[in-house]
Amino acid sequence: MIAYKFLAAGGLGPFSRYPWPLPRPGTPGAWVAAAGGAMVCHDAVHACRAGDLPWWLQDELWEAELGGAVTPGRHKVMAPRARLLRRVDGWGPACAQRFADACAGRARDHAVTALDRAGAGGTADALRACTTPREIRAAVRAGRPPEVARIAHTMAGDAAVRALGGAAVVAAYIAAHAAARVDGERAMDAERAWQSDWLRAELRLDA
Amino acid sequence: MSFDEIVCREFAELATDYLDGALPDATLELVEEHLAMCDWCRDYLGQIEATAAAVSHTPAAAPAPETLQALVAAFRDRPKEDRP
């Protein structure tokens with residue numbers, strides 16, 4: 001199975017700090033085995049399907065081949081062994097920032113929905129007109145939302161602030177929770193699906 | 001609303017078990033999802049790891065003789081009803 005693996009800078013496992021063997025031109029990286037729990041994780045190597053990516057953003061994204069019986073997790077897959085095939089070059093600080101900005105925009109949209117429903121048309125319009133995280137942050141600071149829309153409005157500001165700080169994974173998390181705040185748990189799933197689709201399209205992923 | 005995820009306060013309670021590799025798989029996934037996006041909890045975990053590493057290299061100091069004598073005396077003098 002082909003999957004994806006986010007690693008910290010330098011090819012390190014973000015939790016295990018394990019230095020993954022990197023591929024060389026034309027040659028995949030060496031296989032990494034879970035080895036009964038000692039090498040990488042408890043008893044499996046972890047990786048992502050394309051739909052899992054928004055939960056695990058790190059510095060580097062790699063395409064990986066999983067070996068052995070693959071077990072699906074909630075937001076990941078597990079296998080007895082894996083090896084890195086190639087780095088997904090499209091993922092880097094610039095792409096992460098575009099994704100963070102897009103997520104801030106999505107959080108803005110959820111807040112606008114909440115404001116419209118609350119009859120706060122002026123505050124909604126001011127937020128709707130914002131196109132950058134900086135503008136969203138300023139509009140949220142200036143806005144006076146009704147109580148029923150206050151949290152969604154605040155979340156839009158939080159997502160913008162985190163996007164400005166480059167924290168894409170947090171901006172995505174906030175956008176997902178903003179969706180849930182406004183339209184319930186299924187909206188959170190839809191928001192995460194939108195995020196996955198964004199990454200899949202931007203990075204031209206086909207696994 | 002109730003989502004299947006943990007918050008920082010819950011992570012703090014699970015951090016030691018996480019470092020010991022003692023979490024069941026389902027909880028481990030929740031913990032790592034949280035760590036992937038929470039700077040504060042990653043810092044907290046790093047502090048615990050650093051503290052544990054520092055303490056593990058520190059020899060256990062023996063109590064001063066007078067402290068030891070005082071403790072033994074207090075132990076011997078405790079009321080009979082407190083003894084096992």
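Colleague: What must be true of a residue before it counts as buried?

Modeller: The test counts the other C-beta atoms that lie within 10 Å of the residue's own C-beta atom. A residue is called buried if the number of such atoms is 20 or more.

Colleague: In this predicted model, what percentage of the residues of chain B count as buried?

Modeller: The model is predicted, and the test for burial is applied to the 84 residues of chain B. Those that count as buried come to 11%.

Colleague: What is the radius of gyration of chain B?

Modeller: The C-alpha atoms of chain B fill a box of roughly 55 × 35 × 20 Å along the principal axes. For a compact globule of 84 residues, a radius of gyration near 12 Å would be expected. Chain B, however, has 21 Å.

Colleague: Which pattern does the secondary structure of chain B follow along the sequence?

Modeller: Chain B has 4 helices and 0 strands. Read along the sequence, the pattern is therefore written with helices alone, as α-α-α-α.

Colleague: How far apart are the end C-alpha atoms of helix H4 of chain B?

Modeller: Helix H4 of chain B covers residues 65-77, and among its 13 residues the count of buried ones is 0. At 1.5 Å a residue, this helix should span 18 Å. The span in the model agrees with that expectation, because the end C-alpha atoms are apart by 18 Å.

Colleague: How far apart do the C-alpha centres of the two domains of chain A lie?

Modeller: Chain A is divided into domain 1, residues 2-89, and domain 2, residues 94-203. In the contact between them, 6 residues of domain 1 of chain A meet 10 residues of domain 2 of chain A. The side of domain 1 that touches domain 2 has 5 nonpolar residues, 1 polar residue and no charged ones. The C-alpha centres of these two domains of chain A lie apart by 30 Å.

Colleague: Which strands stand at the edges of the open sheet of 4 strands in chain A?

Modeller: This open sheet has the order E1-E4-E7-E2, with antiparallel pairing. Each edge strand has a single partner strand, so one side of it is left without a neighbour in the sheet. The strands in that position in chain A are E1 and E2.

Colleague: Which residue stands opposite A:Tyr4?

Modeller: Strand E1 of chain A, residues 2-7, is largely enclosed by the rest of the structure, because 5 of its 6 residues are buried. E1 pairs with strand E4 of chain A, residues 60-67, in the antiparallel sense over 6 bridges. Opposite A:Tyr4, in E4 of chain A, stands A:Glu63.

Colleague: Which residue in strand E7 of chain A stands opposite A:Gly67?

Modeller: Strands E4 and E7 of chain A run antiparallel and are joined by 6 bridges, with E7 covering residues 81-87. The residue of E7 that stands opposite A:Gly67 is A:Arg81.

Colleague: What is the bridge partner of A:Pro72?

Modeller: An open sheet of 3 strands in chain A has the order E3-E6-E5. Strands E5 and E6 of chain A run antiparallel and are joined by 2 bridges. In E6 of chain A, the bridge partner of A:Pro72 is A:Val77.

Colleague: Which helix gives the most to the side of chain A that touches chain B?

Modeller: The contact takes 14 residues from chain A and 8 residues from chain B. By class, the side of chain A has 8 nonpolar, 3 polar and 3 charged residues. The helix that gives the most to this side, with 4 residues, is H5 of chain A, residues 168-183.

Technical notes: Residues are numbered from 1 along each chain as its sequence is written. Chains are lettered from A and ligands numbered from 1 in the order in which they are written. This is a predicted model: local features need pLDDT of at least 70, side-chain atom pairs count only at pLDDT 80 or more; totals for chains, interfaces and linings use all residues. Domain bounds come from an automatic or database domain assignment. Two residues are in contact if their C-beta atoms, placed from the backbone, lie within 7 Å. Ala, Val, Leu, Ile, Met, Phe, Trp, Tyr, Cys and Pro count as nonpolar, Asp, Glu, Lys and Arg as charged, and the others, Gly among them, as polar. A residue is buried if 20 or more other C-beta atoms lie within 10 Å of its own, exposed if 12 or fewer, and partly exposed in between; C-beta atoms are placed from the backbone. Two strands pair if DSSP finds at least two bridges between them. The radius of gyration is taken over C-alpha atoms; the globule rule is 2.2 Å times the number of residues to the power 0.38. The expected span of a helix is 1.5 Å times one less than its number of residues.
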